[in-house]
Structure formats: structure tokens, C-alpha cells
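Work through the exercises below with the structure open beside you. Try each task before reading its solution.

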Amino acid sequence: MPELPEVESVRRQLEPALVGRRFERVVIDDGRLVRPNDPAEVAAELQGERVAAVERRGKYLVVRFESGRALLIHLRMTGNLLHLPGRSLPDDPHRRALVALDDGSTVAYRDVRRFGTWLLLEPGEVEPYLSAKVGDEPLDALFTAARLGERLAGRRTSLKAALLDQRTLAGMGNIYVDEALWRARLNPLRAAAGLDRVELRRLHGGIRAALEHGLARQGSTLRDYRLPDGSGGSMQDEFRVYGRGGEPCDRCGTPIARTKVAGRTTWFCPTCQPEEPPQAARSSSRRPSRSSRQSSV
Ligand SMILES: [Zn+2]
């Protein structure tokens, strides 16, 4: 599934193509995209809208119109948006929607697995909807290590589960959570609320570094991820742990382990990311590390 670096890479290419343009004609071929709304009605509502901005919140693309309405696009597993110079498009059995823009170009939405969603919201509905669904933006200047500590305080889940929760931090999924935890040298099963100040700083830095690395490579091309110009990202060639079970850790050479945490396949280095924090392991044998495993798997 596209995560923050992938969705932000799409946004950066889409923004210059869309801002200032009017949706001249809209066709929605797949009712699943807009359900429970009627696809013909949504298409008719979108026609004539002029784009004021293309933003991102978490994994949502937010196309804001001059009218104050916004179209929230979630790519889910395999959705992608292609920007094509003209009106004549190659046949594509997975195309679900089309937007003809007033400069003669076309945006085509394709989605093999059909989990993606388009939601048109009225002015005034947009912020409440987003703030209920997504938490802090991890690349925001206001997002500090102390703020991360506040977001994790009181959580009774594993670190991995807490970071996957979009209401804690917006935009991280299975890939970048594993990459961030490796960078922070923290085990995915550690209790989310149990980090000390030094570990919070490491995690904060690890999250940002993992996301920024992904952004610099324009995301990772797994499954059907494509940028609007049809190209892909290259982050998949530079993963430190994700999908690398059995390969040596870049830091210490230990084979990367594969396990399941919070219901998701998880990769980590057993040496760099020990299950217990080093001092706790030395000073106490009563620390209940087993209970955190049970509560999070
Ligand atoms: Zn290692």
C-alpha cells in the first residue's frame, strides 16, 4: 500500500498538472470508488470545479476546489493516478475513472484491486473528517520527539501497532514503520508507552529519516505503484529490513528476522533491535516482556 512517501511523491507531480485547472468532464466507471454515493451523481458534482490546491494528509490526497469543496482520494492497495497529455488513452481494463481537464490533458485513475476511494466533501466537512481519521504529520516542523512521546503515552499496544495506527501518526504503514524502528534500534514488540527520552529521540529521528529517504527515492515500487508520469520510485532497492528476511543487517551483519506483530509481517534485526531495553535486561529479570508480546500479536 502506498504510504506517506509514495502519496507525497504522487502529490508533487499532480500539483502542477491540476492547480488552476477546471474539471471539464468526469467519468466514474466503478461504483465501488465512491460508494455509498452514486457514481454518476458524484461525477456530475465534480464537473465544473476548479482546483485551488493539491494537498496531502496522511495517506489521503486532498484536491481542494475554489468552491471550498474537496475531493479526498485514498489509493489503498493498488490505486494510481496518471496524467496524460491528451484525450486519447490506451485501453486499460483497470481504469476506474477519468477527469478531462480544461487544458486538454486527462487524469486517469486505475486500480487493479479496487480498494481505492474518492470522497467529495462539502466546505466545512473536510477538516472534521480528516482530523477524525489522521493524527500528526511526522514531517511537520511542529512534530517533535516530545510530541511523539505524548502521542504514545497511555497506549497499551506494541510500538509497531501504535505507529501503524493512523490516528497516532499519519502516513506510516508496514514498510516505513519497520524501516523507522530499525533506524531507531527499537524492537517492534516494545511497549509503545515504555520509551525513555533518549529512545523517543531515536525513534523521532528514525521515523523522519526513513520517510525522507523514501521521499528522496520517490517512494517504493511494489505492486502497482506508479507516479502520475508513469514512472516508479526506487526505494525498494534501499530497504534496510523490509522484505529482507535472512539477509545480513547493514549495521551488524546479523540475519534480518521475520515475524508477525500486530497482525502484520514484520522485519527487524534481532541484534540491533533487542526485545528488552539493554539496561532493563541487566537490572531486572522480572520485566514482563512476554505480556507485551501477547497483547500485540
Ligand atoms: Zn543489526
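The exercises that follow go from the whole fold to one residue of this predicted model.

**Exercise 1. Find out how many helices and strands the protein has.**
Step 1: count the helices; there are nine.
Step 2: count the strands; there are 10.

**Exercise 2. Decide why the radius of gyration does or does not agree with a compact globule.**
Step 1: take the chain length, 297 residues.
Step 2: a compact globule with 297 residues would have a radius of gyration near 19 Å.
Step 3: the protein has 21 Å, so the value agrees.
Step 4: add the box; along the principal axes, the C-alpha atoms fill roughly 70 × 40 × 30 Å.

**Exercise 3. Describe burial, contacts and surface of the protein.**
Step 1: of the 297 residues, 49% are buried.
Step 2: take the contacts with a separation of 6 or more; 64% of them join residues 24 or more positions apart.
Step 3: the accessible surface is about 13500 Å², and carbon and sulfur atoms hold 48% of it.

**Exercise 4. Compile the charges of the protein.**
Step 1: count 48 positive and 39 negative side chains.
Step 2: locate the centres of the two sets; they lie 8 Å apart.

**Exercise 5. Place H213: is this residue buried or exposed?**
Step 1: find the element; H213 belongs to helix α7, residues 197–216.
Step 2: read the relative accessibility of H213, which is 17%.
Step 3: buried means under 20%, so H213 counts as buried.
Step 4: list the contacts; leaving out residues up to four places away in sequence, H213 touches R183, M235 and E238.

Methods. Residues are numbered from 1 along each chain as its sequence is written. This is a predicted model: local features need pLDDT of at least 70, side-chain atom pairs count only at pLDDT 80 or more; totals for chains, interfaces and linings use all residues. Side-chain values use heavy atoms; hydrogens and water are left out. Helices (H or I, at least four residues) and strands (E, at least two) are DSSP runs, numbered from the N terminus. The radius of gyration is taken over C-alpha atoms; the globule rule is 2.2 Å times the number of residues to the power 0.38. Buried means under 20% relative accessible area, exposed over 50%, partly exposed in between (1.4 Å probe, protein chains only). Contact means heavy atoms within 4.5 Å. Accessible areas come from the Shrake-Rupley method with a 1.4 Å probe; for residues, only the protein chains shown count as cover. Lys and Arg count as positive and Asp and Glu as negative; His and the chain ends are not counted. The place of a charge is taken as NZ of Lys, CZ of Arg, CG of Asp or CD of Glu.
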